[in-house]
Amino acid sequence: MIDAAEIKADMPVTTAQAEHVAVVDHLVSDDVIKLKKDDSGQHHYIPVSWVISTEGGIVKTNRTLEQITHDWADVQP
């Protein structure tokens, strides 16, 4: 399990296939990551439980791009 303290602002977020998804804005809690605004000006939120690694300064998730964009929250959980 990942230590949420390892997740820092401005770290890139990638899929399990190493596709860029977003950039970390900040940790909302030990369980929730707030992502920086996307091109449409919308913040999104993902659970820390999706993170499998922070190696190399990259937040790597266990999800595909389709899974992430389908399941992320648009409002803070």
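Helices (H or I, at least four residues) and strands (E, at least two) are taken as DSSP runs and numbered from the N terminus. The structure is a predicted model, in which local features need pLDDT of at least 70 and side-chain atom pairs count only at pLDDT 80 or more, while totals for chains, interfaces and linings use all residues. Residues are numbered from 1 along each chain as its sequence is written, and side-chain values use heavy atoms, with hydrogens and water left out.

Two residues other than glycine were examined for their backbone angles. Most residues other than glycine have a negative phi. Ala 18, found in the loop between E1 and E2, nevertheless has a positive phi of about 70°. At 58% relative accessibility, Ala 18 counts as exposed, where exposed means over 50% relative accessible area, buried under 20%, and partly exposed in between (1.4 Å probe, protein chains only). Asp 10, in the segment before E1, likewise has a positive phi, near 75°.

Asp 10 also takes part in a pairing of charges. Side chains of opposite charge can pair when their charged atoms come close. A search of the whole structure finds two salt bridges, each defined as a side-chain nitrogen of Lys or Arg within 4 Å of a carboxyl oxygen of Asp or Glu. In one of them Lys 36 is paired with Asp 10, and the closest N and O atoms are 2.7 Å apart. This pair links distant parts of the chain, since Lys 36 lies in the loop between E3 and strand E4 (44-47) and Asp 10 in the segment before strand E1 (12-14), 26 residues apart. Lys 36 is partly exposed, with a relative accessible area of 34%. Arg 63 forms a salt bridge with Asp 71, for which the closest N and O atoms are 3.5 Å apart. Both partners of this bridge are partly exposed, Arg 63 at a relative accessible area of 21% and Asp 71 at 37%.

In the interior, the largest nonpolar core contains 17 residues, of which Ile 7, Val 13, Val 24, Ile 33, Leu 35, Ile 46 and Val 59 touch the most other members. Such a core is a set of buried Ala, Val, Leu, Ile, Met, Phe, Trp, Tyr and Cys residues joined through side-chain atoms within 4.5 Å. E2 and E3 each supply at least two residues of this core, and its largest share, three residues, comes from E2. Leu 27 also lies in strand E2 and is partly exposed, with a relative accessible area of 26%. The C-alpha atoms of Leu 27 and Lys 8 are 7.4 Å apart, although the two residues are 19 residues apart in sequence.

On the surface, Asp 3, Glu 6, Asp 30 and Asp 31 gather in a patch of negative charge. Patches are made of residues with over 30% relative accessible area and no salt bridge, with like charges joined within 9 Å and nonpolar side chains (Val, Leu, Ile, Met, Phe, Trp, Tyr) within 5 Å. Accessible areas come from the Shrake-Rupley method with a 1.4 Å probe, and for residues only the protein chains shown count as cover. Lys and Arg count as positive and Asp and Glu as negative, whereas His and the chain ends are not counted; the place of a charge is NZ of Lys, CZ of Arg, CG of Asp or CD of Glu. Within this patch, Asp 31 lies in the loop between strand E2 (20-27) and strand E3 (32-35) and is exposed, with a relative accessible area of 54%. Glu 6 and Gly 57 are 51 residues apart along the chain, and their C-alpha atoms are separated by 8.9 Å.
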